[in-house]
Amino acid sequence: MKTILQAENVEKVYRVGSMDVAALRGVSLDLEEGEFLAIMGPSGCGKSTLLHLLGGLLTPSSGRIVIDGEDLTAASDAKRTDIRRRKIGFVFQRFNLFPTLTAEGNLRLAERIHAGGANGGEDSGERRREVLSLLKLEDKMHHKPLELSGGEQQRVALARAIVNRPAIILADEPTGNLDSENSAIVLNMFQEMNYRFNQTIIMITHNPEAAAMCRRIVQMRDGQIVAPNTGLQV
Amino acid sequence: MDSLVANNIRQRPLRALVSIAGVALGVCLVMLFTGLSRGMSNDLQRRSSSVLAEIYFTRPGGMELTTSTANLSVKYAEELSKIEGVQSAVPVIRYIFQGGRGFGFEQVQGVDWEPYAAMNDLKLVAGRAPAAADEIIIDEAKARNGNLSVGSTLALFGGKPYRITGIYSPEAEARVKMSLAAMQDALEAPGKCSYILVKTKDGVDPLAVVRRIEAQPSTQGNKIQLTRDIITNIEKTIPYLGVFLRALVGLSAVVSGLVVMLAMYTTITERTREIGMLKALGASRGYIVSVIEREAFVISLLGLVAGFVVSFVAGFLINRAYGLLFEYGWRWALVAALIGVGGGVLGALYPAVRAANLDPVNALAHE
């Protein structure tokens, strides 16, 4: 199996006033292609900071992160943005869809950015329809986010994350704003993406049932990974 | 259209309208002021160019663009007629007063119609020449714009009614003319005029006649100007007009730029989280700048179109109401377009760069 992500002894220190606050204290993590990993831990343990570092939204204070063979930590801000554009898809707890665009418009925008500002290419329309169909959103593609339920919005966000076939999807509590029924639907979708496309996914969650659907679970506490491989196989 | 730029504009129609109005205001300022300046200047030039006399004879300071006095004796006309090469000399009083509707200036001339018309090849197209002290004639443009005809009355000199006895063509100098005697009487300046028009005989060089006039001891101390010099100097005689227009253009650019900058600044503050989302999707700084700049460009373009439309409509309405002439030139239209679009795009640059440099994590956490 190909290693798609490597994090070596990653540390992140925030400066708060005159104080240094360590958010991550030497986190190391390897992820193989096609893995579906859950990161669990109490609030403030550094889960989101780790996810932002893996996605290149933050830079570590020390350590090294390699995504699909490209070193994020040695990259400039522009290069990190470029790696994020090509290799990473984000799904957020608050959906973070563009409210003025329809579901399809949100996907088109992601394709356009992925294509460096150009149109997504000839096969993009087909891929978009395939993803929307897989997520059972064909009849919602012309709806704007406010016209969709929370579960539907999160499915659009997942569709947007996956439409460009990124190397990794990073999901920050994707079911945190959903009721149990919609949570189950969204988690099933994640699982289906993982199985069908061998999509690598890292998901932060507080929900043990959600974590139980992942192939591997890591536990974090006080900025460190305390249980690197719970070894749960679904 | 499922475009981020178009949808963002549609999402906030009031702000978009205010921004468009700001750009339109800048464009209007440029178009209306330059159009008015050009229109009035060309109008004066057209009317001056109808004068076929080659020489203006006046006292120094007796005739300026916006003022004139009747301080020249009409006896000079007789002296000038005797000079070799002079065909005729006609005394004229020009009186300038504030326009009846509070805008600009209007002129009335006192002339003896027959010699003046013969000298400048003017014809009465209706009615007859003024004879009595309360009679005037007007040109066709004045009759058309003021909806006036023979028999109508016009208030001059502080409301005194004057009866229109004729309409002449083509337009030349003041649009309203009365007899020289009537004007002298009205101004209490018997035997005086503002200037004397001198027409040279065919084939005679006007400059040679000017030299002969200057050589006459009886005409010393007066000012002699060629008509062609007066026509080309009309724009130059309005002090600092060019400076004023350039200052206006600069002001318009600042207005357009500031309005768009404020609108875009507010927009990116409101859309901070969306900018964070763009960053999370991998949008480069250049892409984020381009999204905001494209929005500013569309707003500026709409403002430009609105500005042109309002300028043309306002020019037409002002012309109808006050008789002021607007003539729009391509050069100033191009300047207005550059100001509208350039000001908007430049104004949006700071908010755009600021948005592009936002921290993605903070932006995503923005409420």
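**Notebook: helix packing, cores and the A–B contact**

**Entry 1, H12(B) with H13(B).** I began with two helices of chain B and noted that H12(B) and H13(B) cross in a right-handed sense. I keep in mind throughout that this is a predicted model. Helix H12 of chain B covers residues 285-322 and helix H13 of chain B covers residues 330-356, and I found them packed at an angle of about 150° with their axes 8 Å apart. Since angles over 145 degrees count as roughly antiparallel, I entered H12(B) and H13(B) as roughly antiparallel to each other. When I sorted the residues of the contact of H12(B) with H13(B) by type, they came out as 18 nonpolar, 6 polar and 2 charged.

**Entry 2, H2(B) with H13(B).** I then asked which other helix of chain B packs on H13(B), and looked up H2(B), whose packing angle with H13(B) is about 160° and whose axis lies 9 Å from that of H13(B). H2(B) is therefore roughly antiparallel to H13(B), and the crossing of H2(B) with H13(B) is right-handed. On the H2(B) side I listed B:Val23, B:Gly26, B:Val27, B:Val30, B:Met31 and B:Thr34, which meet B:Trp332, B:Ala333, B:Val335, B:Ala336, B:Ile339, B:Gly340, B:Gly343 and B:Gly344 of H13(B). By type, the residues of the contact of H2(B) with H13(B) are 9 nonpolar and 5 polar, with no charged residue among them.

**Entry 3, H5(A) with H6(A).** Turning to chain A, I looked up helix H5 (residues 150-162) and helix H6 (residues 180-197), which pack at an angle of about 15° with their axes 9 Å apart. Angles under 35 degrees count as roughly parallel, so I recorded H5(A) as roughly parallel to H6(A). The crossing of H5(A) and H6(A) is right-handed. From H5(A) the residues A:Gly150, A:Gly151, A:Gln154, A:Arg155, A:Leu158 and A:Ile162 meet A:Asn182, A:Ile185, A:Val186, A:Met189, A:Phe190 and A:Met193 of H6(A). I counted the residues of the contact of H5(A) with H6(A) as 7 nonpolar, 4 polar and 1 charged.

**Entry 4, the nonpolar cores.** I next looked up the largest nonpolar core, which has 117 residues, and found that those with the most contacts inside it are A:Leu158, A:Ala159, A:Ile202 and B:Ile292. Helix H2 (residues 13-49) of chain B supplies the largest share of this core, 11 residues. I followed B:Ile292 further and, setting aside its neighbours within four places in sequence, found it in contact with B:Met264, B:Ile268, B:Ala348, B:Pro351, B:Ala352 and B:Ala355. There is also a second, separate core of 42 residues, and I noted B:Ala70, B:Ala77, B:Ile93 and B:Val108 as included in it.

**Entry 5, where chain A touches chain B.** I looked up the contact between the chains, which takes 21 residues from chain A and 16 residues from chain B. On the side of chain A that touches chain B, the elements that give two or more residues are helix H2 (77-87) and helix H3 (103-114) of chain A. The largest share of that side, 7 residues, comes from H3(A). Sorted by type, the residues of the side of chain A that touches chain B are 9 nonpolar, 8 polar and 4 charged.

**Entry 6, H1(A).** How many of the residues of helix H1 (residues 47-54) of chain A are buried? I found that 8 of the 8 are buried, so H1(A) is largely enclosed by the rest of the structure. The buried residues in H1(A) are A:Lys47, A:Ser48, A:Thr49, A:Leu50, A:Leu51, A:His52, A:Leu53 and A:Leu54. After H1(A) comes A:Gly56, for which I noted a positive phi, near 75°.

**Entry 7, two single residues of chain B.** I placed B:Asp121 in the loop between helix H4 (113-120) and strand E5 (123-127) of chain B. Is B:Asp121 buried or exposed? B:Asp121 has 10 other C-beta atoms within 10 Å, and because 12 or fewer counts as exposed, I entered B:Asp121 as exposed. Although B:Asp121 and B:Leu52 are 69 residues apart in sequence, their C-alpha atoms are 7.6 Å apart in space.

I then looked up B:Ser73, which is found in strand E2 (residues 72-73) of chain B. With 16 C-beta neighbours inside 10 Å, B:Ser73 counts as partly exposed. B:Ser73 and B:Lys192 are 119 residues apart along the chain, yet their C-alpha atoms are separated by 4.6 Å. Leaving aside neighbours within four places in sequence, I found B:Ser73 in contact with B:Gly191 and B:Lys192.

Conventions. Residues numbered from 1 in each chain as written. Chains lettered and ligands numbered in written order. Predicted model: local features only at pLDDT ≥ 70, side-chain atom pairs only at ≥ 80, totals over all residues. Contact = placed C-beta atoms within 7 Å. Helix = DSSP H or I, 4+ residues; strand = E, 2+ residues; numbered from the N terminus. Nonpolar A, V, L, I, M, F, W, Y, C, P; charged D, E, K, R; others polar. Axes fitted to C-alpha atoms, helices over the stretch in contact; angles between N-to-C directions. Parallel < 35°, antiparallel > 145°, perpendicular 65-115°, else oblique. Left-handed = near helix turned anticlockwise from the far one by under 90°. Core = buried A, V, L, I, M, F, W, Y, C linked by C-beta atoms within 7 Å. Buried ≥ 20, exposed ≤ 12 C-beta atoms within 10 Å, placed from the backbone.
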